[in-house]
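Welcome! Please take a moment to look over the sequence and the structure, and then we can walk through them together.

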Amino acid sequence: MLTINNLEVRYGGIKALRGISIEVRAGETVLLVGANGAGKSSLINATIGLTPNTTGSIRFLDRQIESMPCAARARLGIGYSPEGRRVFPSLTVSENVQSGAVGIPKAERRKNVAWIEETFPLIAERNQQPAGQLSGGQQQIVALARAVSSFPKLLLLDEPFLGLAPVWIGRISDAIRELQKRGTTILMTEQMARPALKLADRAYVMRGGEVRHSGHVDEIRDVALADEYL
(Lines give C-alpha, C1' and ligand atoms only; values in the text may rest on other atoms or scores of the structure.)
Protein backbone atom coordinates (compact mmCIF):
# COMPACT_ATOMS: atom_id res chain seq x y z
CA MET A 1 0.00 0.00 0.00
CA LEU A 2 2.76 2.46 1.00
CA THR A 3 6.33 2.20 -0.26
CA ILE A 4 8.97 4.76 0.68
CA ASN A 5 12.32 4.40 -1.02
CA ASN A 6 15.61 6.14 -0.23
CA LEU A 7 13.88 9.15 1.34
CA GLU A 8 15.93 12.12 2.47
CA VAL A 9 14.57 15.15 4.33
CA ARG A 10 16.51 18.28 5.31
CA TYR A 11 15.70 21.20 7.57
CA GLY A 12 18.07 23.85 6.32
CA GLY A 13 21.52 22.31 6.65
CA ILE A 14 20.34 19.54 8.98
CA LYS A 15 19.62 16.14 7.44
CA ALA A 16 16.63 14.70 9.36
CA LEU A 17 16.21 11.54 7.26
CA ARG A 18 19.02 9.65 5.56
CA GLY A 19 18.02 7.22 2.82
CA ILE A 20 14.93 5.82 4.58
CA SER A 21 13.16 2.90 2.92
CA ILE A 22 10.07 1.29 4.45
CA GLU A 23 7.01 -0.62 3.29
CA VAL A 24 3.50 -0.85 4.74
CA ARG A 25 1.28 -3.60 3.35
CA ALA A 26 -2.52 -3.45 3.27
CA GLY A 27 -4.14 -4.49 6.53
CA GLU A 28 -1.05 -4.46 8.73
CA THR A 29 0.13 -2.17 11.52
CA VAL A 30 3.72 -0.99 11.19
CA LEU A 31 5.59 0.73 14.01
CA LEU A 32 8.37 3.31 13.72
CA VAL A 33 10.12 3.19 17.09
CA GLY A 34 13.00 5.26 18.39
CA ALA A 35 14.02 8.03 20.75
CA ASN A 36 13.06 11.67 20.38
CA GLY A 37 14.92 13.08 17.37
CA ALA A 38 15.26 9.72 15.62
CA GLY A 39 13.37 11.03 12.56
CA LYS A 40 10.01 9.33 13.14
CA SER A 41 7.84 12.45 12.91
CA SER A 42 9.83 13.72 9.93
CA LEU A 43 8.97 10.52 8.09
CA ILE A 44 5.28 10.88 8.95
CA ASN A 45 5.32 14.56 7.92
CA ALA A 46 6.94 13.70 4.60
CA THR A 47 4.34 11.00 3.98
CA ILE A 48 1.39 13.32 4.65
CA GLY A 49 3.01 16.17 2.70
CA LEU A 50 3.79 18.57 5.55
CA THR A 51 7.54 18.33 4.91
CA PRO A 52 9.05 18.15 1.41
CA ASN A 53 11.58 15.43 0.74
CA THR A 54 14.93 16.26 -0.85
CA THR A 55 15.37 12.95 -2.64
CA GLY A 56 13.61 9.60 -2.78
CA SER A 57 10.10 8.47 -3.64
CA ILE A 58 6.77 7.89 -1.86
CA ARG A 59 4.24 5.56 -3.50
CA PHE A 60 0.72 5.08 -2.18
CA LEU A 61 -1.69 2.70 -3.90
CA ASP A 62 0.76 2.49 -6.83
CA ARG A 63 0.81 6.27 -7.32
CA GLN A 64 3.77 8.60 -6.85
CA ILE A 65 2.63 11.15 -4.28
CA GLU A 66 5.76 12.99 -3.14
CA SER A 67 4.85 16.04 -5.24
CA MET A 68 1.18 16.06 -4.23
CA PRO A 69 -0.17 18.63 -1.71
CA CYS A 70 -1.55 17.45 1.64
CA ALA A 71 -5.18 17.76 0.58
CA ALA A 72 -4.68 15.56 -2.47
CA ARG A 73 -3.00 12.87 -0.35
CA ALA A 74 -5.91 12.99 2.10
CA ARG A 75 -8.39 12.54 -0.75
CA LEU A 76 -6.48 9.44 -1.86
CA GLY A 77 -7.16 7.93 1.57
CA ILE A 78 -4.38 8.95 3.98
CA GLY A 79 -5.56 9.96 7.47
CA TYR A 80 -3.39 11.65 10.08
CA SER A 81 -3.48 12.01 13.87
CA PRO A 82 -0.67 14.40 14.87
CA GLU A 83 1.69 14.28 17.82
CA GLY A 84 0.38 16.15 20.83
CA ARG A 85 -3.32 15.64 19.94
CA ARG A 86 -3.90 19.20 18.61
CA VAL A 87 -7.67 19.24 18.83
CA PHE A 88 -9.58 22.44 18.04
CA PRO A 89 -10.10 23.54 21.67
CA SER A 90 -13.02 25.93 21.12
CA LEU A 91 -14.98 23.46 18.96
CA THR A 92 -17.17 20.78 20.49
CA VAL A 93 -16.17 17.13 20.44
CA SER A 94 -18.74 16.53 17.69
CA GLU A 95 -17.42 19.43 15.59
CA ASN A 96 -13.85 18.18 15.97
CA VAL A 97 -14.78 14.70 14.79
CA GLN A 98 -16.87 15.92 11.86
CA SER A 99 -14.12 18.31 10.74
CA GLY A 100 -12.16 15.26 9.64
CA ALA A 101 -14.97 14.13 7.35
CA VAL A 102 -15.31 17.31 5.29
CA GLY A 103 -15.77 16.51 1.61
CA ILE A 104 -17.42 13.12 1.94
CA PRO A 105 -21.17 12.58 1.25
CA LYS A 106 -23.50 13.47 4.10
CA ALA A 107 -25.04 9.98 4.35
CA GLU A 108 -21.60 8.38 4.52
CA ARG A 109 -20.48 10.92 7.11
CA ARG A 110 -23.48 10.12 9.33
CA LYS A 111 -22.75 6.41 9.02
CA ASN A 112 -19.10 6.93 9.93
CA VAL A 113 -19.91 9.11 12.94
CA ALA A 114 -22.44 6.53 14.17
CA TRP A 115 -19.73 3.84 14.09
CA ILE A 116 -17.27 6.13 15.88
CA GLU A 117 -19.77 6.95 18.63
CA GLU A 118 -20.54 3.26 19.13
CA THR A 119 -16.87 2.26 19.13
CA PHE A 120 -15.60 5.20 21.21
CA PRO A 121 -18.36 5.94 23.78
CA LEU A 122 -16.53 9.05 24.98
CA ILE A 123 -17.39 10.78 21.69
CA ALA A 124 -21.12 10.35 22.28
CA GLU A 125 -20.89 11.11 26.01
CA ARG A 126 -19.01 14.41 25.53
CA ASN A 127 -20.59 15.28 22.19
CA GLN A 128 -21.33 18.96 22.95
CA GLN A 129 -18.42 19.68 25.29
CA PRO A 130 -15.59 21.94 24.02
CA ALA A 131 -12.61 19.70 23.28
CA GLY A 132 -10.28 22.06 25.12
CA GLN A 133 -11.99 21.14 28.42
CA LEU A 134 -11.09 17.45 28.11
CA SER A 135 -8.16 15.66 29.72
CA GLY A 136 -5.13 14.72 27.64
CA GLY A 137 -6.28 11.14 27.21
CA GLN A 138 -9.78 12.23 26.23
CA GLN A 139 -8.35 14.67 23.68
CA GLN A 140 -6.30 11.85 22.18
CA ILE A 141 -9.49 9.85 21.67
CA VAL A 142 -11.03 12.87 19.93
CA ALA A 143 -7.96 13.33 17.71
CA LEU A 144 -8.03 9.64 16.79
CA ALA A 145 -11.76 9.76 16.03
CA ARG A 146 -11.26 12.86 13.88
CA ALA A 147 -8.50 11.11 11.93
CA VAL A 148 -10.71 8.10 11.15
CA SER A 149 -13.98 9.97 10.53
CA SER A 150 -13.47 9.58 6.77
CA PHE A 151 -12.30 5.97 7.25
CA PRO A 152 -8.93 6.41 5.48
CA LYS A 153 -7.22 3.51 3.77
CA LEU A 154 -3.98 4.35 5.62
CA LEU A 155 -3.94 5.92 9.08
CA LEU A 156 -0.80 7.72 10.30
CA LEU A 157 -0.54 7.93 14.11
CA ASP A 158 2.25 10.14 15.42
CA GLU A 159 3.11 9.37 19.08
CA PRO A 160 -0.44 8.42 20.18
CA PHE A 161 0.75 7.60 23.75
CA LEU A 162 2.74 10.80 24.29
CA GLY A 163 2.25 12.19 27.79
CA LEU A 164 -0.60 9.85 28.71
CA ALA A 165 -1.18 8.00 31.97
CA PRO A 166 -1.15 4.19 31.80
CA VAL A 167 -4.95 3.97 31.97
CA TRP A 168 -5.27 6.12 28.84
CA ILE A 169 -2.53 4.22 27.03
CA GLY A 170 -4.68 1.14 27.58
CA ARG A 171 -7.81 2.85 26.25
CA ILE A 172 -6.03 4.24 23.19
CA SER A 173 -4.62 0.75 22.54
CA ASP A 174 -8.15 -0.67 22.70
CA ALA A 175 -9.32 1.98 20.21
CA ILE A 176 -6.50 1.10 17.81
CA ARG A 177 -7.45 -2.59 18.06
CA GLU A 178 -11.01 -1.73 17.04
CA LEU A 179 -9.63 0.02 13.95
CA GLN A 180 -7.47 -3.01 13.18
CA LYS A 181 -10.56 -5.25 13.34
CA ARG A 182 -12.12 -3.01 10.72
CA GLY A 183 -9.12 -3.62 8.46
CA THR A 184 -7.50 -0.19 8.75
CA THR A 185 -3.85 -0.11 7.69
CA ILE A 186 -1.78 1.80 10.27
CA LEU A 187 1.67 3.40 10.32
CA MET A 188 2.45 4.50 13.88
CA THR A 189 5.39 6.23 15.55
CA GLU A 190 6.12 5.81 19.24
CA GLN A 191 8.89 6.24 21.80
CA MET A 192 7.11 3.96 24.27
CA ALA A 193 8.01 0.70 22.60
CA ARG A 194 6.49 -1.71 25.12
CA PRO A 195 2.76 -0.94 24.59
CA ALA A 196 3.22 -0.08 20.92
CA LEU A 197 4.87 -3.41 20.08
CA LYS A 198 1.74 -5.18 21.35
CA LEU A 199 -0.23 -3.53 18.53
CA ALA A 200 2.18 -3.89 15.61
CA ASP A 201 2.88 -6.62 13.06
CA ARG A 202 6.27 -5.28 12.00
CA ALA A 203 8.57 -2.54 13.24
CA TYR A 204 11.41 -0.32 12.09
CA VAL A 205 13.88 0.85 14.75
CA MET A 206 15.12 4.35 13.89
CA ARG A 207 18.08 6.30 15.15
CA GLY A 208 19.74 9.45 13.81
CA GLY A 209 17.41 9.66 10.81
CA GLU A 210 18.18 6.12 9.70
CA VAL A 211 16.55 2.69 9.96
CA ARG A 212 18.89 0.56 12.09
CA HIS A 213 16.78 -2.62 12.38
CA SER A 214 13.53 -3.93 10.93
CA GLY A 215 11.43 -7.06 11.02
CA HIS A 216 8.50 -8.79 12.67
CA VAL A 217 7.96 -7.53 16.21
CA ASP A 218 8.90 -10.91 17.69
CA GLU A 219 12.25 -10.73 15.89
CA ILE A 220 13.29 -7.26 17.02
CA ARG A 221 11.48 -6.83 20.33
CA ASP A 222 14.70 -6.97 22.39
CA VAL A 223 16.45 -4.49 20.11
CA ALA A 224 13.48 -2.10 20.20
CA LEU A 225 13.44 -2.18 24.00
CA ALA A 226 17.18 -1.79 24.46
CA ASP A 227 18.38 1.39 26.17
CA GLU A 228 20.79 1.92 23.29
CA TYR A 229 17.87 2.80 21.06
CA LEU A 230 15.29 4.15 23.48
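## The chain as a whole

The chain exposes about 10,400 Å², and carbon and sulfur atoms supply 48% of that area. Keep in mind as you read that this is a predicted model. Of the 230 residues in the chain, 52% count as buried.

The secondary structure comes to 9 helices and 10 strands. The radius of gyration of the chain is 17 Å, close to the 17 Å that the globule rule gives for 230 residues, so the chain is as compact as a globular protein of that length. Taken along the principal axes, the C-alpha atoms fill a box of roughly 45 × 35 × 35 Å. Sequence distance is worth a look too: among contacts between residues at least 6 apart in sequence, 69% join residues at least 24 apart.

## An enclosed helix

How many of the residues of helix 1 are buried? For this helix, residues 40-48, the count is 9 of the 9, so helix 1 is largely enclosed by the rest of the structure. You can find them one by one: the buried residues include Lys40, Ser41 and Ser42 at one end, and Ala46, Thr47 and Ile48 at the other. Just after helix 1 comes Gly49, which takes a positive phi of about 100°.

## Ile78 and its partners

Next, find Ile78 in strand 6, which covers residues 78-81. Is Ile78 buried or exposed? Its relative accessibility is 4%, and the cut-off for buried is under 20%, so Ile78 counts as buried.

Which residues does Ile78 touch, leaving aside its neighbours within four places in sequence? Its contacts are Thr47, Ile48, Phe60, Ile65, Arg73, Pro152, Leu154 and Leu156. Two of these names, Thr47 and Ile48, also appear among the buried residues of helix 1. Leu156 is a nice example of how a chain folds back on itself in space: Ile78 and Leu156 are 78 residues apart in sequence, and their C-alpha atoms are 7.4 Å apart.

## Aromatic rings and charges

A pair of aromatic rings is described by the distance of the centres and the angle of the planes. A search of the whole structure finds 2 aromatic pairs. In one, Trp115 and Phe120 meet edge-to-face, with 6.2 Å from centre to centre and 75° between the planes. Both Trp115 and Phe120 are buried. In another, Trp115 and Phe151 are also edge-to-face, at 5.2 Å centre to centre and 75° between the planes. Trp115 lies in helix 4 (residues 106-119), while Phe151 is in the loop between helix 6 (136-148) and strand 7 (154-158), so this pair ties together parts that are 36 residues apart in sequence. Trp115, Phe120 and Phe151 form one aromatic cluster.

Charged side chains join the picture as well. Arg182 lies over the face of Trp115, 4.9 Å from the ring centre. Elsewhere, the charged end of Arg171 sits over the ring of Trp168, at 4.6 Å from its centre.

## A buried glutamine

Finally, look for Gln139 in helix 6. Its relative accessible area is 16%, so Gln139 is buried. What does the side chain of Gln139 reach? The partner is the backbone oxygen of Ala131, at 3.3 Å. Leaving aside neighbours within four places in sequence, Gln139 is in contact with Arg85, Val87, Ala131, Gly132 and Leu134.

Definitions and conventions:
Residues are numbered from 1 along each chain as its sequence is written. This is a predicted model: local features need pLDDT of at least 70, side-chain atom pairs count only at pLDDT 80 or more; totals for chains, interfaces and linings use all residues. Side-chain values use heavy atoms; hydrogens and water are left out. Rings of Phe, Tyr and Trp (its six-membered ring) pair if their centres lie within 6.5 Å; planes under 30 degrees apart count as stacked, over 60 as edge-to-face and the rest as tilted. Buried means under 20% relative accessible area, exposed over 50%, partly exposed in between (1.4 Å probe, protein chains only). Helices (H or I, at least four residues) and strands (E, at least two) are DSSP runs, numbered from the N terminus. A charge sits over a ring if NZ of Lys or CZ of Arg is within 6 Å of the ring centre and within 35 degrees of the ring normal. A polar contact is a pair of N or O atoms within 3.5 Å; within protein, one must be able to donate a hydrogen and the other to accept it, and residues adjacent in sequence count only if both atoms are side-chain atoms. Contact means heavy atoms within 4.5 Å. The radius of gyration is taken over C-alpha atoms; the globule rule is 2.2 Å times the number of residues to the power 0.38. Accessible areas come from the Shrake-Rupley method with a 1.4 Å probe; for residues, only the protein chains shown count as cover.
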